[in-house]
Amino acid sequence: MTVEKLCKRCKKPVTLNAKNYDVFEQMHWLCFHLEYEHDGDPDKACGDPSCPWWHIEVLKQKLSQLGLDPESVIDEAIAKRFV
């Protein structure tokens, strides 16, 4: 019988990173990051280079440098996803 691993922070099942469940204090990686590593507003990028919000900022800046509007790229991806 498989025991479902639940995140101590959000109470949802941990599946993608289940092998690291104990490493991340029985949490999702993101929940662990927000709980222990993230400084400041959880909706804003922090100084940790693994922060997903920081990754999003970097990617948006690069898209802009390449002449693409980040919001248009997202809109296009949403439209394709729901076709």
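**Figure 1. Helix α2 has a span close to the expected one.** With 14 residues, α2 reaches 20 Å from its first C-alpha to its last, close to the 20 Å expected at 1.5 Å a residue. Please keep in mind, here and in every view below, that this is a predicted model. Just after α2 comes Gly67, whose phi is positive at about 85°.

**Figure 2. A look at His55 and its surroundings.** His55 sits in helix α2. Is this residue buried, exposed or partly exposed? His55 has a relative accessibility of 37%, so it counts as partly exposed. Leaving aside residues up to four places away in sequence, His55 touches Pro49 and Ser50. Ala45 is also worth picking out: the C-alpha atoms of His55 and Ala45 are 8.4 Å apart in space, while 10 residues separate the pair in sequence.

**Figure 3. Helices α2 and α3 cross.** Two packed helices are described by the angle between their axes and the distance between the axes. Here, the axes of α2 and helix α3 (residues 70-81) come within 9 Å and cross at roughly 105°. An angle of 65 to 115 degrees counts as roughly perpendicular, and α2 and α3 are therefore roughly perpendicular to each other. Which residues meet where these helices touch? From α2 come Lys60, Leu63 and Ser64, and from α3 come Pro70, Glu71 and Val73. Sorted by class, this contact of α2 with α3 has three nonpolar, two charged and one polar residues.

**Figure 4. Helix α1 packs against α2.** Cys31, Phe32, His33 and Leu34 are the buried residues of helix α1, which covers residues 29-37. These buried residues pack against α2 (52-65). For Cys31, the relative accessible area is 11%, so this residue is buried.

**Figure 5. Cysteines without a disulfide.** A disulfide is a covalent bond between the sulfur atoms of two cysteines. How many disulfides does the structure hold? The structure holds zero. Take Cys10 as an example: its closest cysteine sulfur is that of Cys7, and at 3.8 Å the two sulfurs are too far apart for a bond, the cut-off for a disulfide being 2.5 Å. Cys31 is in no disulfide either, and the cysteine sulfur nearest to it, that of Cys7, is 3.7 Å away. In exposure, Cys10 counts as partly exposed, with 31% relative accessibility, whereas Cys31 is buried.

**Figure 6. Positive phi values at Lys11 and Glu25.** Most residues other than glycine have a negative phi. If you like checking backbone angles, start with Lys11, which has a positive phi of about 70° although it is not a glycine. Lys11 is found in the segment before α1. With 57% relative accessibility, Lys11 counts as exposed. Glu25 also lies in the segment before α1. The phi of Glu25 is positive too, near 55°, and this residue is likewise not a glycine. Glu25 has a relative accessible area of 36%, so it is partly exposed.

**Figure 7. Gly40 in the loop between α1 and α2.** The loop that joins α1 and α2 contains Gly40. Is Gly40 buried or exposed? Gly40 is exposed, because its relative accessible area is 62%, and the cut-off for exposed is over 50%. To place Gly40 in the wider structure, look for Arg81: from C-alpha to C-alpha, Gly40 and Arg81 are 33 Å apart in space, with their positions 41 residues apart in sequence numbering.

Definitions and conventions: Residues numbered from 1 in each chain as written. Predicted model: local features only at pLDDT ≥ 70, side-chain atom pairs only at ≥ 80, totals over all residues. Heavy atoms only, no water. Buried < 20%, exposed > 50% of the residue type's maximum accessible area, 1.4 Å probe, protein only. Helix = DSSP H or I, 4+ residues; strand = E, 2+ residues; numbered from the N terminus. Contact = heavy atoms within 4.5 Å. Axes fitted to C-alpha atoms, helices over the stretch in contact; angles between N-to-C directions. Parallel < 35°, antiparallel > 145°, perpendicular 65-115°, else oblique. Nonpolar A, V, L, I, M, F, W, Y, C, P; charged D, E, K, R; others polar. Expected span 1.5 Å × (residues − 1).
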